Amino acid sequence: GMRKAHQKLVDEQGLNDSHMDAVVELLGKTLKEMGVDDVEIDEVAQIAESVRGDVLCKDTRSLYEKLGQANIHKAVDKFYDKVVEDERVCDFFKHTNMIRQRRMQKEFLSHAFGGPTEYSGHGMRRAHRNAVDEGLNDSHFDVIMELLGETLKELEVPENLISEAAAIANSVREDVLCKGPNLYQRIGGDLAVETAVDKF
């Protein structure tokens, strides 16, 4: 994983935040030179930021371990209590089996936050296609992000962990909203990644 691959650099060569900043900046410049749009460059930067702690071996625990399974489950329950009451998004859940929805979200977040749970649900695009067909868009995703943030604050989760959770949740925005090809495809697939790595 990220930590194991970078531990020696941290320990022996002092890899730190300033180095990570330089790498993210250089990666952005490389992608810009390749003609990649700013939107995709920003998305790559967000993904890089979401692994900063792992790359720099700042805390050896995953977000799952930092929050704990019980707290993740409590957060999901409290979050969906808010969702089904919020008039901006509740209609998307009116025909949803909320017991199953809560179970699948607990499984997904536990997996996405680095826990031992495997996510057995459909991919993000398939799982959200009907909602997108019914009008789910960025403004609704923003509400979901807002409600997630509120929930974590109410559970007294530290701000840095809320930011980490938000970055992970936001990293699936394009797939949840079924927007065009995924980031990998948008930047040009295998050839573009190989070219970026070679130039980088």
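How many aromatic pairs does a search of the whole structure find? I ran that one before anything else, and the answer is three. For my count, rings of Phe, Tyr and Trp (its six-membered ring) pair if their centres lie within 6.5 Å, with planes under 30 degrees apart called stacked, over 60 edge-to-face and the rest tilted.

**Ground rules**

I am looking at a predicted model, where local features need pLDDT of at least 70, side-chain atom pairs count only at pLDDT 80 or more, and totals for chains, interfaces and linings use all residues. Residues are numbered from 1 along each chain as its sequence is written, and side-chain values use heavy atoms, with hydrogens and water left out.

**Entry: rings**

I looked up Tyr80 and Phe93, which pair edge-to-face at 5.9 Å centre to centre, with 65 degrees between the planes. Tyr80 sits in helix 6 and Phe93 in the loop between helix 6 and helix 7, so I noted a link between distant parts of the chain, 13 residues apart. My helices are DSSP runs (H or I, at least four residues; strands are E, at least two), numbered from the N terminus.

Are Tyr80 and Phe93 buried or exposed? Both are buried, and I use that word for under 20% relative accessible area, with exposed over 50% and partly exposed in between (1.4 Å probe, protein chains only). Phe79 joins Tyr80 and Phe93 in one aromatic cluster.

Next I checked Phe108 and Tyr119. They also form an edge-to-face pair, 5.3 Å centre to centre and 75 degrees between the planes. Phe108 is in helix 7 and Tyr119 in the loop between helix 7 and helix 8, 11 residues apart. Phe108 is buried at a relative accessible area of 16%, while Tyr119 is partly exposed at 25%.

**Entry: charges**

How many salt bridges does the structure hold? I get 20, taking a salt bridge as a side-chain nitrogen of Lys or Arg within 4 Å of a carboxyl oxygen of Asp or Glu.

I picked out Asp77 and Lys106, whose closest N and O atoms are 3.1 Å apart. Asp77 lies in helix 6 and Lys106 in helix 7, so this salt bridge ties together parts that are 29 residues apart in sequence. Asp77 is partly exposed, with a relative accessible area of 26%, but Lys106 is buried, at 17%.

Then I followed helix 6 to another partner: Lys78 forms a salt bridge with Glu154, with 3.4 Å between the closest N and O atoms. Glu154 is in helix 9, and the two residues are 76 residues apart. I have Lys78 as partly exposed at 30% relative accessible area and Glu154 as partly exposed at 43%.

My last pair was Asp138 with Lys179, a salt bridge of 2.3 Å, N to O. Asp138 belongs to helix 9 and Lys179 to the loop between helix 11 (173-176) and helix 12 (183-186), so parts 41 residues apart in sequence are tied together. Asp138 is partly exposed at 26%, and Lys179 counts as partly exposed at 30%.

I also jotted down a network of salt bridges that links Asp17, Asp21, Glu49, Arg52 and Lys58.

**Entry: empty space**

Rolling a probe the size of a water molecule over the atoms shows where empty space is left. On a 1 Å grid over the protein atoms alone, a cavity is a set of points where a 1.4 Å probe fits but cannot get out, and a pocket is an open set with protein on both sides within 12 Å along at least five of seven lines; lining residues have an atom within 4 Å of a point. Points are joined across faces, edges and corners, and a volume is the space filled by probe spheres set on them.

I found one cavity of 30 Å³ or more. The largest cavity holds about 90 Å³ of space. Which helix gives the most to its lining? Helix 6 does, with four residues. I sorted the lining into 11 nonpolar, one polar and no charged residues, counting Ala, Val, Leu, Ile, Met, Phe, Trp, Tyr, Cys and Pro as nonpolar, Asp, Glu, Lys and Arg as charged, and the others, Gly among them, as polar.

The largest pocket takes up about 1,100 Å³. It has 41 lining residues, and Tyr80, Phe93, Gln101, Ala127 and His128 lie nearest its centre. I see Tyr80 and Phe93 here again, the edge-to-face pair from my notes on rings. The pocket lining splits into 26 nonpolar, 10 polar and five charged residues.
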